[in-house]
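Here is a short tour of a protein model, written to be read with the structure open beside you. Please keep a viewer at hand and follow along.

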Amino acid sequence: MRNETIAIHAGYEPEATTHAVAVPIYQTAAYAFDSADHGAALFNLEAEGYRYSRIANPTSAVLEKRIAQLEGGVGALAVATGQAALHFAFVNVADHGGNIVSVPQLYGTTHTLLSHILPRQGITGRFAESDKPEAIEKLIDENTRAVFAETIGNPAGNVCDIEALAKIAHAHGVPLIVDNTVATPILLKPFDYGADIAVHSLTKFLGGHGTTLGGAIVDSGNFPWAKHAERFPAYNKPDASYHGLVYAERFGRTAYIERARSVYQRTMGSVLSPFNAFLLLQGIETVALRMERHVENARKVAEFLRKDSRVAWVNYTGFSDSPYYPLVQKYLDGNASSLFTFGIKGGMEAGKTFYDALKLITRLVNIGDAKSLACHPASTTHRQMSAEQQRVAGVLPETIRLSIGIEHISDIIEDIDQALDKACRSARLEAAE
Ligand SMILES: Cc1ncc(COP(=O)(O)O)c(C=O)c1O
């Protein structure tokens with residue numbers, strides 16, 4: 001099946017009892033056992049079925065199957081937020097003493113997770129000086145447990161060379177984990193290029209309506225955990241916390257995602273509510289259509305901004321002179337992201353006046369909504385970073401990040417035009433004073 005069909009049908013057929021066509025919301029904490037033996041078989045992971053909604057829930061299971069199929073993976077785990085998904089994805093490969101080698105262009109909170117929070121658990125985030133494969137390779141050593149990148153960086157908009165990163169990671173015996181939130185599997189399927197694990201904030205384009213938080217981890221099933229037994233003992237030695245189970249032996253290609261569920265989701269929670277799973281499924285039904293319009297509208301806005309004398313620069317990877325243009329052709333089939341940044345002439349002050357003058361475009365810190373959104377990263381999402389870290393992450397003081405929505409293009413451009421006018425007028429008045 002193709003994206004448009006998977007997004008509507010995968011993971012669910014009208015269920016046997018009621019024949020409900022929409023995915024039912026299974027708002028239940030627990031599930032009845034037929035007998036003591038049935039309960040024991042479920043707990044031993046020998047029988048298929050549900051025990052308790054912290055571990056699995058039938059509504060969330062539909063979402064998991066749908067996302068796994070969109071990504072071309074062998075399984076997925078849905079969790080409460082994108083950040084919870086990233087946390088589980090990292091601790092599922094790295095213990096105390098391990099490190100994760102990452103590109104520097106990351107969503108601010110993911111940067112904080114790797115640079116401040118995981119180090120408290122003895123896991124170090126190592127940031128390369130750029131997203132170039134050579135820069136990543138320099139930082140890999142015997143304690144590295146994964147290479148990490150956002151397929152399209154938020155807010156830098158950089159497109160990572162997934163194939164090259166996967167080759168380097170595999171040459172050193174570690175998986176490539178990617179955050180595919182901004183691209184979505186509609187624009188890019190990272191497993192086709194060798195990535196091993198994909199993480200999503202479902203809150204963004206996949207959910208698509210800015211109503212519901214959610215996250216997911218998807219397992220390609222391709223990383224050979226048993227081949228790298230010394231680096232990954234957690235997959236290859238009996239797990240005392242789960243009846244001495246050896247994950248790589250017992251689950252083979254689904255070892256990673258099963259371990260994420262049975263070790264982390266089971267003991268730490270961060271569960272997605274069935275109602276939120278239902279809302280996210282509603283959003284996913286239209287994601288393929290929406291992505292087309294996001295991409296088309298963004299190209300028109302970027303072209304408008306580039307021609308405008310009031311604008312200093314536009315960082316849009318769909319322009320043929322962007323250093324990422326060749327990667328946009330290779331990985332995104334020419335569909336540059338609707339998330340991009342620009343700077344207005346007059347620096348920080350003019351940028352703030354522009355931002356405050358927006359009427360249709362919402363000022364906030366979300367992305368990937370059907371609505372057009374704008375953010376000033378230096379004062380919000382990336383404010384925890386030093387000025388130098390901000391620069392490397394693609395954030396300048398005047399940077400405005402746009403997430404272009406699916407409204408009528410003329411309305412979006414008219415709003416930007418009037419806000420640019422106000423910013424310019426106020427800059428001229430200041431200069432005259
Ligand atoms: C690329 C990326 N990954 C992860 C997240 C975190 O997602 P959530 O807000 O669902 O925790 C975000 C949030 O903006 C993001 O942009």
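The report below goes from the overall fold to the two sheets, then to the ligand shell and some individual residues.

## Overall fold

Please keep in mind that this is a predicted model. The protein contains 17 helices and 12 strands. Its C-alpha trace spans about 85 × 55 × 35 Å along the principal axes. The radius of gyration is 22 Å, which agrees with the value near 22 Å that a compact globule of 433 residues would have.

Buried residues account for 50% of the 433 residues. If you look at contacts with a separation of 6 or more, 72% of them join residues that are 24 or more positions apart.

## The seven-stranded sheet

Let us begin with the sheet of 7 strands, which is open and follows the order S1-S7-S6-S5-S4-S2-S3 with mixed pairing. At the edges stand strand S1 (75-79) and strand S3 (124-127); each has a single partner strand, so one side of each is left without a neighbour in the sheet. On average, neighbouring strands here are turned by 20 degrees against each other, direction ignored. Helix H3 (residues 58-71) packs on this sheet and touches S1, S6 and S7. The direction of H3 makes about 130 degrees with that of S1.

Strand S4 (144-150) is a good place to pause. Is S4 mostly covered or mostly open? It is mostly covered, with 7 of its 7 residues buried. S4 pairs in the parallel sense with strand S2 (residues 99-102) over 4 bridges, and Ser-102 has Phe-148 of S4 as its bridge partner. Another 4 bridges join S4 to S5, and these two strands also run parallel; here Ala-149 is matched with Val-178 in S5. Moving along, strand S5 (residues 176-179) and strand S6 (residues 197-201) are parallel too, paired over 3 bridges. Within that pair, the bridge partner of Asp-179 is Val-199 in S6.

## The five-stranded sheet

A sheet of 5 strands is also open, with the order S8-S9-S12-S11-S10 and mixed pairing. Its edge strands are strand S8 (311-315) and strand S10 (362-363), each of which pairs on one side only. S8 and strand S9 (residues 339-344) run antiparallel and are joined by 4 bridges. To find this pairing in your viewer, look for Trp-313, whose bridge partner in S9 is Gly-343.

Helix H13 (residues 287-307) packs on the sheet, where it touches S8, S9 and strand S12 (400-403). The direction of H13 makes about 150 degrees with that of S8. Helix H15 (residues 347-357) packs on the sheet as well, touching S9, S10, strand S11 (373-375) and S12. For H15, the angle with the direction of S9 is about 120 degrees.

## Around the ligand

Which residues come nearest to the ligand? Of the 15 residues around it, these are Thr-81, Gly-82, Gln-83, Ser-201 and Thr-203. The shell as a whole divides into 4 nonpolar, 9 polar and 2 charged residues.

## Backbone details in the loops

Most residues other than glycine have a negative phi, and most peptide bonds are trans. With that in mind, here are some places to inspect. The peptide bond from Asn-154 to Pro-155 is cis, with omega near 10 degrees, and Pro-155 is found in the loop between S4 and helix H7 (162-171).

His-243 is not a glycine, yet its phi is positive, near 45 degrees. His-243 sits in the loop between H9 and helix H10 (247-251), and it is exposed because 10 other C-beta atoms lie within 10 Å. Asp-333 also has a positive phi, about 55 degrees, and lies in the loop between helix H14 (325-332) and S9. With 10 C-beta neighbours inside 10 Å, Asp-333 counts as exposed.

## A last stop at Arg-231

Arg-231 is placed in the loop between strand S7 (215-219) and helix H9 (233-236). Arg-231 counts as partly exposed because it has 19 C-beta neighbours inside 10 Å, while 20 or more would make a residue buried. From C-alpha to C-alpha, Arg-231 and Ala-432 are 65 Å apart in space, and 201 residues separate them in sequence.

Key
Residues are numbered from 1 along each chain as its sequence is written. This is a predicted model: local features need pLDDT of at least 70, side-chain atom pairs count only at pLDDT 80 or more; totals for chains, interfaces and linings use all residues. Two strands pair if DSSP finds at least two bridges between them. Two residues are in contact if their C-beta atoms, placed from the backbone, lie within 7 Å. Axes are lines fitted to C-alpha atoms, for helices over the stretch in contact, and angles run from 0 to 180 degrees between N-to-C directions. A residue is near a molecule or strand if its C-beta atom, placed from the backbone, lies within 6 Å of it. Ala, Val, Leu, Ile, Met, Phe, Trp, Tyr, Cys and Pro count as nonpolar, Asp, Glu, Lys and Arg as charged, and the others, Gly among them, as polar. The radius of gyration is taken over C-alpha atoms; the globule rule is 2.2 Å times the number of residues to the power 0.38. A residue is buried if 20 or more other C-beta atoms lie within 10 Å of its own, exposed if 12 or fewer, and partly exposed in between; C-beta atoms are placed from the backbone.
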